[in-house]
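Please open the model in your viewer and keep the sequence panel beside it, since this tour moves from one selection to the next. At each stop you will be told what to select and what is to be found there.

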Number of protein chains: 2
Amino acid sequence: MVGATIGSKLIELGHDVKMGSRTADNPKALDWVAKEGTKASAGTFAEASAYGELIFNCTSGIGSLEALKLAGEKNLSGKILIDLSNPLDFSKGMPPSLTVCNTDSLGEQIQRAFPATKVVKTLNTMNCKLMVNPSLLPCEHDVFLSGNDAQAKEQVKQALGWFGWKTIIDLGDITTARGAEQLLPMWIRLMGTLGTANFNFKIVK
Amino acid sequence: MVGATIGSKLIELGHDVKMGSRTADNPKALDWVAKEGTKASAGTFAEASAYGELIFNCTSGIGSLEALKLAGEKNLSGKILIDLSNPLDFSKGMPPSLTVCNTDSLGEQIQRAFPATKVVKTLNTMNCKLMVNPSLLPCEHDVFLSGNDAQAKEQVKQALGWFGWKTIIDLGDITTARGAEQLLPMWIRLMGTLGTANFNFKIVK
């Protein structure tokens, strides 16, 4: 769902998008291609990673490292990987726990596994509808950014600007993804309390 | 510092406050009493807990359970304990790690250790100046609340109202303190990025 939302927005903005999956004949990916038309295509994780200039990791956090291994170190090398994933384990029921937190994060694990890739963690702290349309909420709200490569973060800020983001908070290097990922336990409880996923964090100062 | 800030605000509001410490002759506590006058007093953790109708845990998270043991189960029994502490371990340098998180929280540990006490976690997600004066920030922002006892939470909401809080988000039972405590890694990075502790989270919906 996150991948289709991001992919459709990128196509609306004029980009060509290849949706990667474990297999090239993933029915959901093919449905999305049929809906989006000529600028959309689908393939394996490896094909999508070889194709893209900018890679979005929209896989579920618990399978991200495996999916990225299938994408292939060579195909990801030198590229910006925008990591939207959250290391949530729903296998023991609600609320989910984090598979990594506190002194490490999934963003860091991905950066360590793919040292030649420029990992930028962002957009993981909200519902996917808001990711590509922040004006759905009545007031301004914030998106966070973590990564080691300053130039890569500038390019990701530009991409966030395409999505409509005005206030982007650069938290620092990829270790700051710990903070962003650890917002999720609060996010999930807030969704229960507020009865909607249509909300986001804002930093008031 | 948190205790003195909360204590001074309570005195300003007309309450009598006893500041508890490990020893009855804690110099900082006595300085605070000298400054605040007749409505202020100081004593051991046990004396302060026996004295108070409403107890604020303003100890540093890493020592909270020990301080509350010194306060004494009997002195805390049946009372509301407003828990402001965060389980932050600064011993390995910056950024601190959490001593408990993800599948447990300090709020829950305290509730388990003192089952006859009504633990309400709140105010732990901001600087102490904002705790007692939310209007220091230009826009409205939020305080969260976690606890098992609905009536206790209503009383704590009233106390938060005395401090000037308008938007109070009740997250649910004490297990939701996991979310509130796990905001701290983000809070600490934001303090670095923003260059100030004078900020807070707001939920935009």
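## Stop one: a pair of strands in chain B

Begin by selecting B:Ile55 and then B:Leu81, which is its bridge partner in β4(B). The strands around these two residues are β3(B) and β4 (residues 80–83) of chain B, which run parallel and are joined by four bridges. Strands here are DSSP runs of E with at least two residues, helices are runs of H or I with at least four residues, and both are numbered from the N terminus; two strands are said to pair if DSSP finds at least two bridges between them.

Before going further, note that this is a predicted model, in which local features need pLDDT of at least 70 and side-chain atom pairs count only at pLDDT 80 or more, while totals for chains, interfaces and linings use all residues. Residues are numbered from 1 along each chain as its sequence is written, and chains are lettered from A and ligands numbered from 1 in the order in which they are written.

## Stop two: the whole sheet of chain B

Now widen the selection to the open sheet of five strands, whose order is β3-β4-β7-β8-β9 (chain B) and whose pairing is mixed. Its edge strands, each of which pairs on one side only, are β3 (54–57) and β9 (168–172) of chain B. Neighbouring strands of this sheet are turned by 25 degrees against each other on average, direction ignored, where axes are lines fitted to C-alpha atoms, for helices over the stretch in contact, and angles run from 0 to 180 degrees between N-to-C directions.

Move next to β9(B), which pairs in the parallel sense with strand β8 (residues 143–147) of chain B over four bridges; here B:Val143 has B:Ile168 in β9(B) as its bridge partner. If you add helix α8 (residues 150–162) of chain B to the selection, you have a right-handed β-α-β unit made of β8(B), α8 and β9(B). Right-handed means that, with the strands pointing away from the viewer, the path from the first strand over the helix to the second runs clockwise.

## Stop three: where the chains meet

Which residues should you select where the two chains touch? In chain B, 34 residues are in contact with 34 residues of chain A, contact meaning that the C-beta atoms, placed from the backbone, lie within 7 Å. On the side of chain B that touches chain A, β6 (97–98), β9, α9 (177–181), α10 (184–194) and β10 (200–204) of chain B each supply at least two residues, and the largest share, seven residues, comes from α10(B).

Then select strand β10 (residues 200–204) of chain A together with β10(B): the two run antiparallel and are joined by five bridges. Within this pairing, A:Ile203 stands opposite B:Phe201 in β10(B).

## Last stop: the relation between the copies

Finally, show both chains at once. A rotation of 180 degrees with 0.0 Å of shift along its axis superposes chain B on chain A (RMSD 0.0 Å), the fit being by least squares on the C-alpha atoms of residues with pLDDT of at least 70 in both copies. The two copies are thus related as by a two-fold rotation axis. To find that axis from chain B, select B:Lys202, whose C-alpha comes closest to the rotation axis among the residues of chain B, at 2.5 Å. Because 100% of the interface residues of chain B are also interface residues in chain A, the copies meet through the same surface.

Conventions. Two residues are in contact if their C-beta atoms, placed from the backbone, lie within 7 Å.
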